[in-house]
Amino acid sequence: MPAVTEPLAAPRRAVIGLGANLGDLDATLDAACAAIAALPHSRWLGVSGRWCSRPVDSSGPDYLNAVAAIETRLAPRELLAALQAIENAHGRERPWRNAPRTLDLDVLLIDDLASDDPVLLLPHPRLLERAFVLLPLLELHATLGGVLPLPGRADRAGLQALADRLAREQGLERRPD
């Protein structure tokens, strides 16, 4: 496995979580998708529908969430830095853990890469705990014909059952297109 700081020799599929609960949520997610699609050495694959969720381990307004996918040659840390620059361009502040935010972009998966680098843990450590990540990921995975990586060695049916249970517990709803 390449280090998270080394450029990738071949493009890898990266899955990115998007969320926002402050400001014009739709406009922010639209702009974030456009910025992700414009990243260098990357090719846009698609984005899930939008999902509404209550804040987890926090308070504040409900979130609007989605999952996007790209193919990229960016090193994992370069991708993270580019996503953080997009967040900052949208006024992202980090006054405390899980504070409400104008934009949150998380690298969820990069193909089968695993990293315990403290700057970028892969797969995302809470991926299997969040319905607002799992259901959009499964939706996009199906839309793109199964070409996206899925977390761990879990089968799709098992992930779907977990995501459905978490959605009931966490109050997740898909917003109509």
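## Asp 104 and its surroundings

A polar contact of 3.1 Å links the side chain of Asp 104 to that of Arg 101, and that pair is a handy place to start a tour of this predicted model. Asp 104 belongs to strand S5, which covers residues 104–110. Its relative accessibility is 13%, and because the cut-off for buried is under 20%, Asp 104 counts as buried.

Who else is around? Once neighbours within four places in sequence are set aside, Asp 104 is in contact with Gly 17, Leu 18, Gly 19, Glu 87 and Arg 92.

## Strand S1 and its partners

Let us move on to strand S1, residues 12–20. Is S1 mostly covered or mostly open? It is mostly covered, with 7 of its 9 residues buried.

S1 pairs with S4 through 9 bridges, and the two strands run antiparallel. S1 also pairs with S5, here through 6 bridges and again in an antiparallel arrangement. Val 15 makes a good landmark for both pairings: Val 15 stands opposite Ala 69 in S4, and its bridge partner in S5 is Leu 109.

## Asn 65 in strand S4

Strand S4 also holds Asn 65. This residue has a relative accessibility of 3%, so Asn 65 counts as buried. Its side chain joins that of Ser 53 in a polar contact of 2.8 Å.

Beyond residues up to four places away in sequence, Asn 65 touches Leu 18, Gly 19, Leu 29, Gly 49, Arg 50, Trp 51, Ser 53 and Phe 132. Leu 18 and Gly 19 may look familiar, as Asp 104 is in contact with them too. If you would like a distance to check in your viewer, take the C-alpha atoms of Asn 65 and Leu 113: they are separated by 24 Å, and the two residues are 48 apart along the chain.

## Two nonpolar cores

The largest nonpolar core has 26 residues. Which residues have the most contacts inside it? They are Ile 36, Leu 39, Leu 79, Leu 83 and Leu 105. At least two residues of this core come from each of these elements: strand S1, helix H1 (25–37), strand S4 (63–72), helix H2 (76–89), S5 and strand S7 (120–122).

Leu 79 is worth a closer look. Leaving aside neighbours within four places in sequence, Leu 79 is in contact with Ala 14, Leu 39, Ile 70, Thr 72, Leu 74, Val 107 and Ile 110. A second core, separate from the one above, has 11 residues, among them Val 15, Ala 69, Leu 127 and Leu 140. Val 15 and Ala 69 are also the residues that stand opposite each other in the pairing of S1 with S4.

## Helix H4

Our last stop is helix H4, residues 156–170. Its 15 residues reach 20 Å from the first C-alpha to the last, close to the 21 Å expected at 1.5 Å a residue. The buried residues of H4 are Leu 159, Ala 163, Leu 166, Ala 167 and Gln 170. Viewed down the helix axis, these buried residues fall within an arc of 105 degrees, so they line one face of H4. They pack against helix H3, residues 131–143, while Ala 157 and Arg 168 are exposed on the other side of H4.

Both ends of the helix have a detail to inspect. At the start of H4, a side-chain oxygen of Asp 155 comes within 3.0 Å of the backbone nitrogen of Ala 157. Just after H4, Gly 171 adopts a positive phi of about 70 degrees.

Key
Residues numbered from 1 in each chain as written. Predicted model: local features only at pLDDT ≥ 70, side-chain atom pairs only at ≥ 80, totals over all residues. Heavy atoms only, no water. Helix = DSSP H or I, 4+ residues; strand = E, 2+ residues; numbered from the N terminus. Expected span 1.5 Å × (residues − 1). Buried < 20%, exposed > 50% of the residue type's maximum accessible area, 1.4 Å probe, protein only. Arc of directions from axis to C-beta. Contact = heavy atoms within 4.5 Å. Polar contact = N/O pair within 3.5 Å; in protein donor to acceptor, adjacent residues only side chain to side chain. Core = buried A, V, L, I, M, F, W, Y, C linked by side-chain atoms within 4.5 Å. Pairing = 2+ DSSP bridges.
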